[in-house]
Amino acid sequence: MNAPGRRYRAGESLEDYCRACKTDRLHTVIAADSDGRPIRVSCGFCHSEHNYRGGPRVAASSFTAPAASSGTAAPSRWTDAGQTPAAAAARSRASSGRDPFPIVSERERTRPPMPIDGTEDLELLLRRVIREEAGISPVAPADKWRDGTLVLRPGTPGLQEKTWPIETFFHKIVMLRNRLRTLEQQVNAANLPEEAKVKLQSYISGCYGTLTSFNVLFADEEDQFKGSGGD
């Protein structure tokens with residue numbers, strides 16, 4: 001049922017592999033990018049939410065989930081939230097010519113290396129899986145922030161300052177942005193009275209407007225927070 005080249009919108013159904021069920025299931029699209037490619041989906045059987053994994057992986061005969069409801073969503077600021085890392089990274093490089101921050105990096109390591117299968121490190125693998133499942137997508141930062149450090153310096157003399165790699169803070173900002181976009185799509189697709197949708201959208205727009213101070217971190221304008229009226 002996943003027709004090649006088909007454009008999807010939030011609320012529509014498609015088939016995808018569910019990690020929780022360990023088989024192919026019907027899923028409901030939570031969000032799609034501006035080209036209609038599914039980004040975030042919800043399993044119609046176990047209701048787990050995850051990034052779109054590219055479609056079914058096992059025989060169609062094993063597919064047993066009930067069909068999820070279909071619907072439409074109003075246009076929103078959604079572009080790439082929750083997109084698979086490879087697709088999001090390709091889009092970011094194509095639009096800016098810059099590489100996005102990796103989802104995890106050696107600078108974030110808190111324990112000695114623990115290699116598994118001679119390739120991936122256990123700590124970094126777990127960090128990457130958790131962040132992908134949380135909806136983080138690779139986004140290109142402004143060049144001046146690469147290899148930078150975030151410093152919180154207390155105003156009280158004698159207290160120790162706190163520092164983090166700038167990419168750690170950047171990932172948290174991207175996660176917050178992605179979740180706001182997911183929330184916006186959920187509101188658009190929800191069966192709610194129009195006045196309730198308008199009210200919820202105004203709260204979401206207010207959140208975007210409050211967070212525009214962090215736009216200085218992003219290399220591309222399309223990745224930035226946009227409040228109502230360009231706040």
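Select Asp35 to begin: in this predicted model, Asp35 is partly exposed, with a relative accessible area of 41%. Next, add Arg37, whose relative accessible area of 42% likewise makes this residue partly exposed. Display both side chains and look for the salt bridge that joins Arg37 to Asp35, where the closest N and O atoms lie 3.4 Å apart.

Now move to Arg177 and Asp223. These two residues form a salt bridge, with 3.7 Å between the closest N and O atoms. To place the pair in the fold, colour helix H3 (residues 166-189), which holds Arg177, and then the segment after helix H4 (194-210), which holds Asp223; the salt bridge therefore ties together parts that are 46 residues apart in sequence. Is Arg177 buried or exposed? At 0% relative accessibility, Arg177 counts as buried. Asp223 is buried as well, its relative accessible area being 0%.

Return to the starting point and add Asp33 to the selection. Asp33, Asp35 and Arg37 belong to one network, joined by salt bridges that share partners.

For the last stop, select Arg6 and Glu12. Their side chains meet in a salt bridge, at an N to O distance of 3.8 Å. Which of the surface classes applies to each partner? Glu12 is buried, with a relative accessible area of 16%, whereas Arg6, at 36% relative accessibility, counts as partly exposed.

To extend the tour, search the model for further contacts within 4 Å between a side-chain nitrogen of Lys or Arg and a carboxyl oxygen of Asp or Glu. By this rule, the count comes to seven salt bridges.

Note on methods: Residues numbered from 1 in each chain as written. Predicted model: local features only at pLDDT ≥ 70, side-chain atom pairs only at ≥ 80, totals over all residues. Heavy atoms only, no water. Buried < 20%, exposed > 50% of the residue type's maximum accessible area, 1.4 Å probe, protein only. Helix = DSSP H or I, 4+ residues; strand = E, 2+ residues; numbered from the N terminus.
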